[in-house]
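This report describes selected features of one protein model for a reader who has not met it before. Please keep the sequence and the structure in view while reading.

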Amino acid sequence: MKRTRISIMRLPSTLLIIASLTFTTGSALGQSLSAADEAYARGDYAAAAENLRPIAEEGLSSGQYKLGFLYDSGQGVPQSYVEAAKWYRRAAEQGDAAAQALLGIQYYKDEGVRQDRVMAYILASLAAAQGVEQARELRDLILEDFSREQVTEAQRLTSEWQVGTPLPTSSDTKTWP
């Protein structure tokens, strides 16, 4: 059966919509996030980025993920897959499913990070476990190219990772093709 990659290509806009707000409305960061969301909704991407930067730098995953998305798509900031990967990684390490899925796509597509199908699998698996359907599709697509031993090792790396710790790096999978 031939797989379609359309849903994987459309994943970023889908995930931006499902991103959740984690702030109380009374907090300064919550107000900045609301201002960023409002700016994004009206198409003022530069203002959205300006409001998201302090949130992302403060270490809050929703701000990191959304700022990464703006760099990924080049909205309001110069397009940069490298910057997108940096912000996605920070959010992904905090367990943000949307960031895990998008960073997985970057590893799969060789955008901003060196292509690494194992890392793509790990990130897609983590996001799929949190209910991101497109991540499950990516994970299953990657599995088609893995040997039984590679599947076992990728699953081991995925199961050993803990929220709040650094993600595995490509050096952890350097013996892979």
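## Gln100 and its surroundings

In this predicted model, a polar atom of the Gln100 side chain lies 3.5 Å from the backbone nitrogen of Ala127. Gln100 belongs to helix 7, which covers residues 97-109. Its relative accessibility is 1%, and Gln100 therefore counts as buried, the limit for that class being under 20%.

Leaving aside residues up to four places away in sequence, Gln100 touches Ala92, Gly95, Leu123, Leu126, Ala127, Gln130 and Trp161. Ala127 thus appears both in this list of contacts and as the partner whose backbone nitrogen lies 3.5 Å from the Gln100 side chain.

## Helix 4: span, bend and end

Helix 4 comprises 14 residues, 45-58. From its first C-alpha to its last it reaches 20 Å, close to the 20 Å expected at 1.5 Å a residue. The helix bends by about 30° at Leu52, and Pro54 follows within four residues of that position.

After helix 4 comes Gly59, which has a positive phi, near 100°.

## Helix 4: buried residues

Six residues are named as buried in helix 4: Ala47, Ala48, Ala49, Leu52, Ile55 and Ala56. Leu52 is thus a buried residue and also the site of the bend. An α-helix has 3.6 residues a turn, so residues three or four places apart point the same way.

Which helices do the buried residues of helix 4 pack against? They pack against helix 3 (28-41), helix 5 (61-73) and helix 6 (81-92).

## Aromatic pairs

The model contains four aromatic pairs. In one of them, the ring centres of Tyr40 and Phe69 are 6.4 Å apart and the ring planes meet at 65°, so the pair is edge-to-face; the class requires an angle over 60 degrees. This pair links distant parts of the chain, with Tyr40 in helix 3 and Phe69 in helix 5, 29 residues apart.

Are the two partners buried or partly exposed? Tyr40 has 25% relative accessibility and so counts as partly exposed, whereas Phe69, at 5%, counts as buried. Ring pairs also bring in Tyr45, and Tyr40, Tyr45 and Phe69 are linked into a cluster.

## A charge over a ring

Another ring, that of Trp87, has a charged group as its partner. The charged end of Arg90 sits over this ring, 4.6 Å from the centre.

Methods: Residues numbered from 1 in each chain as written. Predicted model: local features only at pLDDT ≥ 70, side-chain atom pairs only at ≥ 80, totals over all residues. Heavy atoms only, no water. Helix = DSSP H or I, 4+ residues; strand = E, 2+ residues; numbered from the N terminus. Expected span 1.5 Å × (residues − 1). Bend = angle between axes of the 7 residues up to and from the residue. Buried < 20%, exposed > 50% of the residue type's maximum accessible area, 1.4 Å probe, protein only. Contact = heavy atoms within 4.5 Å. Phe/Tyr/Trp six-rings, centres within 6.5 Å; stacked < 30°, edge-to-face > 60°. Lys NZ or Arg CZ within 6 Å of the ring centre and 35° of its normal. Polar contact = N/O pair within 3.5 Å; in protein donor to acceptor, adjacent residues only side chain to side chain.
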